[in-house]
Amino acid sequence: MKDKNVIGIDVAKAKLDVFDSKTGRHTVVANTPEGVDALVRGVAPAKTLVVLEATGGYEGLLVEALERRGVDCAVVNPLHVRHFARGCGMVEKNDKLDARIIARFGEVVRPEPREAPSASEAKLKALVHRRDQALAHLGAERNRLQQTRDPETAEMIRQGVAFYRAQIREVDKRIARVLEQCPQLAAKSRVLQSCPGVGVATTATLLAELPELGRLNRGQVAKLVGVAPIAKDSGQKQGQRKTYAGRSMVRKVLYMAALVATRYNARMQAFYQRLLAKGKAKKSALVAVMRKLVVTLNLMVRNNETWSEPSLAIDNN
């Protein structure tokens, strides 16, 4: 991968700013099927790494086209690129400059290309995202219902609440169907749900948003999720270690799973109580449970072992 030419792409809703590090050329194409197809046809699959930022969905069309053509593609965290830009002394920001700095980031950091998901994995991810959206809308409607005093308006809001509840139930059925019908997902789902505190929603989110699960060591998976304490030491000063960044959807379901695990998972409950007995704040102790939970789940998937199997060992890698 080190010999590959890097193309940096700044993705917007309507257009793509493209910078080719080999030629130094900047181009702009429409973020439409026609524009993306024209762009991808000019990329040599075996000789190119395309780097772009995650934009919440606007990059989907481009990523799918690159994967169909067999082009290595890395979707990176925008915050990492911004920090890199500042480290290079680039405080200015516009689409053209962003494409250039993304390309430079790709040359220096050489992020790992993402693995193209299977059709089942792509379907699961879409359903997980829709479930998260519906939950957010349901929460907003419930809040509105508490605030309104007009009976007619309240009735319309109740209809909205009923709609999103019904849609979440339907999404859950479809998620369960995808997990059952794909042998690879079904095997991982069986392993994950054997852990007390981990249900279908948590399992689906982990499989959709953390496809690396089972392929990383304990430190890597904790950092990727954002539950690893990051050192902030300098000289003789030792700063307070705090968790940082990571994948928000995974952290959200891990938080709920950890809450359940502290009540119904004997191992996690004992760990949580030990931390509290040592004077840890409840929030810090719960984050530690989240970390222990995802590290354990990572090991279970790697070894294809359910929670009840005694061969589950501590991962020291």
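**Figure 1. Domain layout of the predicted model.** The chain is divided into three segments: domain 1 covers residues 5-109, domain 2 covers 121-181 and domain 3 covers 202-303. The structure shown is a predicted model. Taken over C-alpha atoms, the centres of domain 1 and domain 3 are separated by 32 Å. A search of the whole structure finds 14 salt bridges, whereas the corresponding search for disulfides finds zero. Selected salt bridges are presented in the views that follow.

**Figure 2. The salt bridge between Asp95 and Lys15.** The closest N and O atoms of Asp95 and Lys15 are 2.8 Å apart, and the two residues form a salt bridge. This pair links distant parts of the chain, with Asp95 in helix H4 and Lys15 in strand S2 (residues 15-20), 80 residues apart. Lys15 and Asp95 also belong, together with Asp17, to a network of salt bridges. Both partners of the pair are partly exposed: the relative accessibility is 31% for Asp95 and 27% for Lys15.

**Figure 3. The salt bridge between Glu115 and Arg215.** Glu115 and Arg215 form a salt bridge in which the closest N and O atoms lie 3.8 Å apart. Distant parts of the chain are linked by this pair: Glu115 is in the loop between H4 and H5, and Arg215 is in the loop between helix H8 (200-209) and helix H9 (218-225), 100 residues apart. Glu115 has a relative accessible area of 59% and is therefore classed as exposed. Ala116 also lies in the loop between helix H4 (95-109) and helix H5 (119-147). With a relative accessible area of 52%, Ala116 is exposed, because the class begins over 50%.

**Figure 4. The salt bridge between Lys252 and Asp132.** A salt bridge joins Lys252 to Asp132, with 2.8 Å between the closest N and O atoms. The pair links distant parts of the chain, Lys252 being in helix H10 and Asp132 in helix H5, 120 residues apart. Lys252 counts as partly exposed at 46% relative accessibility, and Asp132 counts as partly exposed at 24%. For reference to the loop of the preceding view, the C-alpha atoms of Lys252 and Ala116 are separated by 25 Å, and these residues are 136 residues apart along the chain.

**Figure 5. A nonpolar surface patch that includes Met256.** Tyr255, Met256, Leu259, Val260 and Tyr264 form a nonpolar patch on the surface, and together they have about 480 Å² of accessible area. Met256 lies in helix H10, which spans residues 248-264. The relative accessible area of Met256 is 47%, so this residue is partly exposed. Helix H10 also holds Lys252, the partner of Asp132 in the salt bridge of the preceding view.

**Figure 6. The surroundings of Cys88 and Cys182.** These two cysteines are shown in a model in which a search of the whole structure finds zero disulfides. Cys88 has a relative accessible area of 44% and is partly exposed. Cys182, by contrast, counts as buried at 8% relative accessibility, because burial requires a value under 20%.

Definitions and conventions: Residues numbered from 1 in each chain as written. Predicted model: local features only at pLDDT ≥ 70, side-chain atom pairs only at ≥ 80, totals over all residues. Heavy atoms only, no water. Disulfide = S-S within 2.5 Å. Buried < 20%, exposed > 50% of the residue type's maximum accessible area, 1.4 Å probe, protein only. Patch = residues over 30% accessible without salt bridge, like charges linked within 9 Å, V, L, I, M, F, W, Y side chains within 5 Å. Areas by Shrake-Rupley, 256 points an atom, 1.4 Å probe, with all protein chains shown as cover. Salt bridge = Lys/Arg side-chain N within 4 Å of Asp/Glu carboxyl O. Helix = DSSP H or I, 4+ residues; strand = E, 2+ residues; numbered from the N terminus. Domains from an automatic or database assignment.
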